[in-house]
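These are my notebook entries on a structure that I had not examined before. I set down what I looked up, in the order in which I looked.

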Amino acid sequence: MDAKVSFTLNGRSVDAEATGATLLVDLLRNHFGLTGAHVGCDTSQCGACVVHVDGVSVKSCTMLAAQAEGRTVETIEGLASNGELHPVQQAFHEHHALQCGFCTPGMIMSALDLLRRNPRPSEVEVRDWLEGNMCRCTGYHNIVKAVRAAAVAMDEEAS
Amino acid sequence: MSGEMGIGVSAPRTEDRRFITGRGRYVDDINLRSQQYAWFVRSPHPHAEVRGVDAADALKMPGVTAVLTGADMQADGVGPLPVAWGITSRDGSPAHEPEFPGLATDRVRYVGNPVAVVVAESRSQARDAAEMVNVDYGELESVASATAALEEGAPQIHEGAPGNLCFDWEWLPAAMAPDARANTDKAFKEAAHVVSLELVNNRLVPNAMEPRASLADFNTATGQLTLYTTSQNPHVNRLLLCTATLKMPEHKVRVVAPDVGGGFGSKIYHYAEELTVCWASRRLGVPVKWTAERSESFLGDAQARDHVTRVELALDAEARFTGLRVDTVANLGGWLSAFGPAIPTVFYAPLLAGVYRTPNIYVTVKGVFTNTTPTDAYRGAGRPEACYAVERAVDEAAVQLNMDPAELRRLNFIQPDEFPYQSPVGQLYDSGDFEGCLDLARKLNAYDEFSERRRQSEVRGKLRGRGMCFYIEACGAAPSQAAGQLGARAGLYEVATVRVHPTGSVQVLTGSHSHGQGHETTFAQIVAERLGIDFGNVEVVHGDTGEIPFGMGTFGSRSLAVGGTALYKAIDKVEEKGRKIAAHLLEAEADDIEFTEGEYRVAGTDRAVSFGDVALAAYVPHNYPLQELEPGLEETAFFDPENFTFPSGCYICEVEVDRQTGQVDLRDFVAADDFGNIINPMVVEGQVHGGLAQGIGQALLEHCLYTPEGQLLSGSYMDYCMPRADDLPNFVVATRCTPTPFNPLGVKGCGEAGAIGAPPAVINAVLDALRPLGVRQIDMPATPQAVWQAIEAARSGG
């Protein structure tokens, strides 16, 4: 029943055995020990499990591990480089955009996808985009602030 | 050095880094060698006899180790889940406390009631096998609503509770007894105006983003049990495991609550699942892990609110409040959760004075069993219900008397020179400046320009409304003796150890628990400020009974006021011992030594020794007063507060309502809070934001719904409307400060304020918007459907 699945994970080629029913989030958490992606619901609503597949945000609870074959998967663990936080991570820290931290990895990965598509989102655009990521702690106020601050920081980094 | 990150500074949180890089360590992230997985068989019926459990087919499924039942649990002598607070009815009889077994033995009383557990080598194997467990249920009549459960002929849920009445309680605090009722009735007879409202406080599901999880590891060689669990108070869980359920000696049990993804009250309790995995691990000799699915959270986490209340307010001819009568029916669910009977009684009635000088108050509460998930504390826990009743009644009075709601409140405020103020419902309010908060909120709201904003909304075809709330709440639970007199079965102090290492860095062991509140930062700020050491040299350890002496944990906005004060007192002891060491080193009298900014100094001289040098001397006692002092520098303090603390604040909210669709849009939300002194303003603002979101969620979106028989209708995020980013506005938050005199930090607590004050502010605003259409009453949540129906009803009625 198990089949081999090979893909690029945080810049490294990896392979693993997975059943046909194994979800990507379970493979990441249980096989690779990448526990940053969390499972917060069973209806693809909460977004705590968001990772990037080929650069696009995906709810990894809603994708089979087998579907990662040949693709590029990035998780929260791969975002900082050489110990230096990504501007979105830095902005979440500076603006107190997290409390319990459970939704945070998915929130950051989702926000980063938004900023790659829309480098200067308005407040309304940020709130609309994050509609698929629930947070019970922050009331979103500081998350929105952090995402917009990250947009400025990423702009400055690029120029 | 401390000034950079001392008290009052918005220090970015030290705990953030692990969370933003995906290195948090939550219970489900922990795996042990040879662990097995539990899956629970839960009742699909709201009320049924359990005639038998046939596990034969399940046991044949691949990977299955065991199927265990309530009978097995009973045979092993496991005790029922404990009730932590006893309530006494007005006739003097104790509340009925049915025995609540971890796994049902003869009867189930709500959908989701655990009946059996399957343990297997993988989670999916356990889940598949659970489907093969054949439970022989004898279905019984059932009822979900508390008012329906009180009706004659309603299905009987517990034999020991005729009419489903768990208790029939009245509140007679010393200040009012025994004439509270007579005096209040007299106030109503003599009143110039009486306002009366029937209110429903809607049932909620807490929904911390991390589902509950427990991993138990019983070591058959040492007899030691280690439990990793999603808890707000691991020492309490250990206490209950050891004294009530598993009955193991405490030194053989270690409970670890590592990173916990939010709690909001729902992770206070010793739940059936946690007990079951501990027992199963002991019985089977392997680690056993259970992680809830969100569907199980909806069925199994203690739910909240669910009151039906009649509130009456009496006013004299000058619009001064002279009496308040409150009669509440509270839905307790199918069994009693740990604090279930306390939340709608002693956490509710004592706050019904609000911020007003109402002299006569009489409160009655019926606690009722129903075929629903047990209810218990959730962010605010009794105070949101109290605040909602009072603040809805006050606004209704303002409408009926054609007064500005702010002015009616101002007229009735307790005045700053009246503190400490003894309320008629038994609380001694510590401090407050209600007019100051009101003025601040009015300024932030641009109160006097509302009519222009309303006009602009009308131009856009929208109805604009403004609502106000002034809340007060009791935090810092609790003075143990007072709590004991009210029925608490535990002490409510807090504990801290300050361990100074030889090189002067500090480890704090706290019995408080952070599941998002940021103690690793704020507690370190207190140490940095007091000892004058660098913030980065302080580590805060929490959530492990193996490391921390004791603690009651985090709930009721108590961490800083009680846990922070325990820390403060432990620092006092460290400072005092250090003073004696410094006196020896400086060859001076201890009384002559001052301690400031990390230095012990002989007063009026330049002779000084640093805190680090004193720490080193304590651990390398070559030049040390060993005859008088032990070596080492580590101190522990238990702090039991003298009183609660009383945060208060004024919230003003503006909404726009679309009269065609009933959609309510929040346009503006202003919060002016008094939390006393503040350690980290950024963290406090974050707490307010989160509380507001939950309060607004209750007012506009969230509703836990059952069929009349008790089938849960809102069992997932597809049905239960959680607040999302696009449902909420930016918040305008500000604080005033009247420090509490009841702890040396002068802090009150900020965690629950938003969830307490937001619901009445929002509903008052919605009603203000709808008033021109003749709508006088709406219950929470004010969904588009509810608003539209209210508009249509007013239209056809008028």
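**Entry 1. A term, and a sheet in chain B**

Before reading bridge partners I fixed a term: two strands count as paired if DSSP finds at least two bridges between them. I also noted that this is a predicted model.

With that term in hand I turned to strand β19 (residues 494-500) and strand β20 (residues 506-510) of chain B, which pair in the antiparallel sense over 5 bridges. I looked up one bridge here and found that B:Val498 has B:Val508 in β20(B) as its partner. Helix α16 (residues 519-531) of chain B packs on this sheet, where it touches β20 and β21 of chain B. The direction of α16 makes about 135° with that of β21(B).

I then traced the sheet as a whole. It is open, has 4 strands in the order β21-β20-β19-β25 (chain B), and its pairing is mixed. At its edges I found β21 (538-542) and β25 (634-639) of chain B, each of which pairs on one side only. From one strand to the next the twist averages 15°.

**Entry 2. A second sheet in chain B**

In what order do the strands of the open sheet of 3 strands in chain B run? I read the order as β22-β23-β24, with antiparallel pairing. The edge strands, each paired on one side only, are β22 (593-596) and β24 (608-610) of chain B. Ignoring direction, neighbouring strands of this sheet are turned by 20° against each other on average.

I looked more closely at one pair. β22(B) and strand β23 (residues 599-602) of chain B run antiparallel and are joined by 4 bridges. I noted B:Glu594 standing opposite B:Arg601 in β23(B).

Which helices lie across these strands? Helix α17 (residues 559-586) of chain B lies across β22, β23 and β24 of chain B and runs at about 125° to β22(B). Helix α18 (residues 611-619) of chain B lies across β23 and β24 of chain B, and runs at about 75° to β24(B).

**Entry 3. A helix pair in chain B**

I next examined helix α11 (residues 383-400) and helix α20 (residues 753-770) of chain B, which pack at an angle of about 30° with their axes 8 Å apart. This angle makes α11(B) roughly parallel to α20(B), since angles under 35 degrees count as such. The crossing of α11(B) with α20(B) is right-handed.

I listed the residues that meet. From α11(B) they include B:Arg383, B:Tyr388 and B:Asp395, and from α20(B) they include B:Ala755, B:Pro760 and B:Asn764. By class, the residues of this contact are 8 nonpolar, 2 polar and 4 charged.

**Entry 4. Chain B as a whole**

I recorded 21 helices and 28 strands in chain B. Its radius of gyration is 27 Å, close to the 28 Å that the globule rule gives for 798 residues, so chain B is as compact as a globular protein of that length. Along the principal axes, its C-alpha atoms fill a box of roughly 90 × 75 × 55 Å.

**Entry 5. Chain A**

Chain A has 5 helices and 5 strands, and along the sequence they follow the pattern β-β-α-β-β-β-α-α-α-α. Its radius of gyration is 16 Å, which agrees with the value near 15 Å of a compact globule with 159 residues. The box filled by its C-alpha atoms, taken along the principal axes, is roughly 45 × 35 × 25 Å.

I picked out helix α3 (residues 104-117) and helix α5 (residues 141-158) of chain A, whose axes come within 11 Å and cross at roughly 45°. The two helices are therefore oblique to each other, and the crossing of α3(A) and α5(A) is right-handed. A:Met107, A:Ala111 and A:Leu115 in α3(A) meet five residues of α5(A), namely A:Ile143, A:Val147, A:Ala150, A:Ala151 and A:Met154. I classed the residues of this contact as 8 nonpolar, no polar and no charged.

**Entry 6. Where the chains meet**

Finally, I looked at the contact between the chains, in which 41 residues of chain B touch 43 residues of chain A. On the side of chain B, the elements giving two or more residues are α2 (16-20), α10 (294-300) and α19 (681-701). Which of them gives the largest share? I found that α19(B) does, with 7 residues. The residues on this side of chain B divide into 18 nonpolar, 14 polar and 9 charged.

Key:
Residues numbered from 1 in each chain as written. Chains lettered and ligands numbered in written order. Predicted model: local features only at pLDDT ≥ 70, side-chain atom pairs only at ≥ 80, totals over all residues. Axes fitted to C-alpha atoms, helices over the stretch in contact; angles between N-to-C directions. Parallel < 35°, antiparallel > 145°, perpendicular 65-115°, else oblique. Left-handed = near helix turned anticlockwise from the far one by under 90°. Contact = placed C-beta atoms within 7 Å. Nonpolar A, V, L, I, M, F, W, Y, C, P; charged D, E, K, R; others polar. Rg over C-alpha atoms; globule rule 2.2 N^0.38 Å.
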